[in-house]
Amino acid sequence: MKLALKVIPNAKKSEAVGWEKDPRTGRTLRLRIAAPPVEGKANRAVILFLSSWLGVPRSAVSLLRGDAARLKVVELPDECGEKLARLLPAADAQEA
């Protein structure tokens, strides 16, 4: 499955904030990432965060678009759709 992300680097801690609607990508998962956006550190941190948060291997998460942008698209295993629905607050899931 493909997942659109809006990444905010240099956060105090890495966390998933929730869903938001973006006119360019539609339903987008907003992430705060503790790594700085320098030399790919934030991109690596996004992959590490998603893999540990969703309980999948790092090799199963790949960045498709957005190397140097806040809006990114990642590819995840199909079973991650159910995990996302369970991990995010119910209020966010209803808004999306």
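Helix α1 (residues 41-54) lies across β1 (2-8), β2, β3, β4 and β5 (71-75). The helix runs at about 100 degrees to β3. This is a predicted model. The exercises below start from the sheet under that helix.

**Exercise 1. The sheet**

Task: Give the order of the strands in the sheet, and find which strands stand at the edges.

Solution:
- Step 1. Read off the order. Five strands form an open sheet, β2-β3-β1-β5-β4, with mixed pairing.
- Step 2. Find the edges. β2 (15-22) and β4 (62-65) each have a single partner strand, so one side of each is left without a neighbour in the sheet.
- Step 3. Add the twist. Neighbouring strands are turned by 40 degrees against each other on average, direction ignored.

**Exercise 2. Strand pairs**

Task: State how β1 pairs with β5 and with β3, and how β2 pairs with β3.

Solution:
- Step 1. Take β1 and β5. They run antiparallel and are joined by five bridges. Here K6 stands opposite L71 in β5.
- Step 2. Take β1 and β3. Four bridges join them, and the two run parallel. V7 stands opposite L31 in β3.
- Step 3. Take β2 and β3 (residues 26-32). Seven bridges join this antiparallel pair. Opposite E20 stands T28 in β3.
- Step 4. Check against the sheet. Parallel β1-β3 and antiparallel β1-β5 fit the mixed pairing.

**Exercise 3. Burial of β1**

Task: Decide whether β1 is largely enclosed or open, using the number of its residues that are buried.

Solution:
- Step 1. Set the cut-off. Buried means under 20% relative accessible area.
- Step 2. Count. Five of the seven residues of β1 are buried.
- Step 3. Conclude. With that count, β1 is largely enclosed by the rest of the structure.

**Exercise 4. Loop residues**

Task: Place R24, N10, E39 and A60 in their loops, then sort them by exposure.

Solution:
- Step 1. Set the cut-off. Exposed means over 50% relative accessible area; partly exposed lies between that and the 20% limit for buried.
- Step 2. R24 is in the loop between β2 and β3. Its relative accessibility is 64%, so R24 counts as exposed. The C-alpha atoms of R24 and L50 are separated by 22 Å, with their positions 26 residues apart along the chain.
- Step 3. N10 is in the loop between β1 and β2. At 52%, N10 is exposed. Its phi is near 60 degrees, a positive value.
- Step 4. E39 belongs to the loop between β3 and α1. At 70%, E39 is exposed. Phi of E39 is also positive, near 55 degrees.
- Step 5. Put the phi values in context. Most residues other than glycine have a negative phi.
- Step 6. A60 sits in the loop between α1 and β4. At 25%, A60 is partly exposed. Leaving out residues up to four places away in sequence, A60 touches E75, L76 and P77. A60 and E75 are 15 residues apart in sequence, and their C-alpha atoms are 7.8 Å apart.

**Exercise 5. The largest pocket**

Task: Describe the volume and the lining of the largest pocket.

Solution:
- Step 1. Volume. The largest pocket holds about 160 Å³ of space.
- Step 2. Lining. It is lined by 14 residues; P37, A42, D67, A69 and K72 lie nearest its centre.
- Step 3. Source of the lining. α1 gives the most, with three residues.
- Step 4. Character. The lining divides into seven nonpolar, two polar and five charged residues.

Notes
Residues numbered from 1 in each chain as written. Predicted model: local features only at pLDDT ≥ 70, side-chain atom pairs only at ≥ 80, totals over all residues. Heavy atoms only, no water. Pairing = 2+ DSSP bridges. Axes fitted to C-alpha atoms, helices over the stretch in contact; angles between N-to-C directions. Contact = heavy atoms within 4.5 Å. Buried < 20%, exposed > 50% of the residue type's maximum accessible area, 1.4 Å probe, protein only. 1 Å grid on protein atoms, 1.4 Å probe; cavity = no way out; pocket = protein on both sides within 12 Å on 5 of 7 lines; lining within 4 Å. Points joined across faces, edges and corners; volume = space filled by probe spheres on them. Nonpolar A, V, L, I, M, F, W, Y, C, P; charged D, E, K, R; others polar.
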